[in-house]
Every structure is written in structure tokens, then in C-alpha cells.
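Subject: A structure for you to explore

Hi there,

Here is the structure I promised to pass on to you. Have a look around it first, and then read on for my notes.

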Amino acid sequence: VLSSSDRDEGLLALRQRLGLALKLAGLGGTQGSFTPHMTLLWADRMVAEAPILPVCWTAREFALVLSPVGQARHITLGRWRLV
């Protein structure tokens, strides 16, 4: 898992706004803690934690993905271009 110890205020604001929009749409909003991360590998063993140089990229698209618990599949519900 690739994650950061830095607090990203923009990302936290995006999550808060998405949670409010979900709640207003009757979908329950966001729940629980939030740890921004990217899964790089699934393995049957632990991999030692190691620091890396910062990684940056520009997001041009946003996707809403359903990940049913306990199933190894992802369902894309929608995609939106970011401007």
C-alpha cells in the first residue's frame, strides 16, 4: 500500500463534499476513518515498510467504484472528467 503521513486538506475537503452529496442523495454519506492510499500489490505475506521519494500525478478523471466486501471485483458506477 502506498500512503502518506502528510495531511492533504484538499483531499479531505473533497471527501467531506462527496459525503454531503451522498447524504443528500439518500445514500448515507461517508462513514469511519479515512486513510488515503493506493494498493500496489496483494500478497500472501507481509512486506516491510520502506520510505520512498514523493510520487505526483495529475488526476483528470474521477470514478465511483463499488467494491463488494469479500469479493475480488470492482464495479464502476460512473466516471466524471475533472476540470
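Which residues make a nonpolar surface patch of about 740 Å²? The patch is built from Met 38, Leu 40, Leu 41, Val 47, Ile 52, Val 55 and Trp 57. If you want a place to start looking, try Val 47, which sits in the loop that runs between β2 (37-38) and β3. Please keep in mind as you read that this is a predicted model.

Next, have a look at helix α1. It covers residues 9-24, 16 residues in total, and spans 23 Å from its first C-alpha to its last. That is close to the 22 Å expected at 1.5 Å a residue. As a bit of background, an α-helix has 3.6 residues a turn, so residues three or four places apart point the same way. At the N-terminal end of α1 you will find Asp 8 acting as a cap, with a side-chain oxygen 3.0 Å from the backbone nitrogen of Gly 10. Just after the helix, Gly 26 adopts a positive phi of about 80 degrees.

Two leucines in this helix are worth a visit. Leu 22 is part of α1 and counts as partly exposed, because its relative accessibility is 27%, between the 20% limit for buried and the 50% limit for exposed. Setting aside neighbours within four places in sequence, Leu 22 touches Leu 27, Gly 28, Gly 29 and Thr 30. Pro 51, by contrast, is 29 residues from Leu 22 in sequence and 35 Å from it in space, C-alpha to C-alpha. Leu 24 also belongs to α1, and it counts as exposed because its relative accessibility of 70% is over 50%. Between the C-alpha atoms of Leu 24 and Gly 78 there are 18 Å, and the two residues are 54 places apart along the chain.

Now for the charged pairs. Side chains of opposite charge can pair when their charged atoms come close. How many salt bridges does the structure hold? There are 2. In one of them, Glu 9 pairs with Arg 7, and their closest N and O atoms are 2.7 Å apart. Arg 7 is exposed, with a relative accessible area of 64%. Arg 79 and Glu 61 also form a salt bridge through their side chains, at 2.9 Å from N to O. This pair links distant parts of the chain, since Arg 79 is in strand β4 and Glu 61 is in strand β3, 18 residues apart. Glu 61 is partly exposed, at 44% relative accessibility.

One last stop: is Pro 68 buried or exposed? Pro 68 is buried, because its relative accessible area of 17% is under 20%. You can find Pro 68 in the loop between β3 (61-66) and β4 (75-81). Not counting residues up to four places away in sequence, Pro 68 is in contact with Arg 73 and Ile 75.

Enjoy exploring!

Best wishes

Definitions and conventions. Residues numbered from 1 in each chain as written. Heavy atoms only, no water. Helix = DSSP H or I, 4+ residues; strand = E, 2+ residues; numbered from the N terminus. Buried < 20%, exposed > 50% of the residue type's maximum accessible area, 1.4 Å probe, protein only. Contact = heavy atoms within 4.5 Å. Expected span 1.5 Å × (residues − 1). Polar contact = N/O pair within 3.5 Å; in protein donor to acceptor, adjacent residues only side chain to side chain. Patch = residues over 30% accessible without salt bridge, like charges linked within 9 Å, V, L, I, M, F, W, Y side chains within 5 Å. Areas by Shrake-Rupley, 256 points an atom, 1.4 Å probe, with all protein chains shown as cover. Salt bridge = Lys/Arg side-chain N within 4 Å of Asp/Glu carboxyl O.
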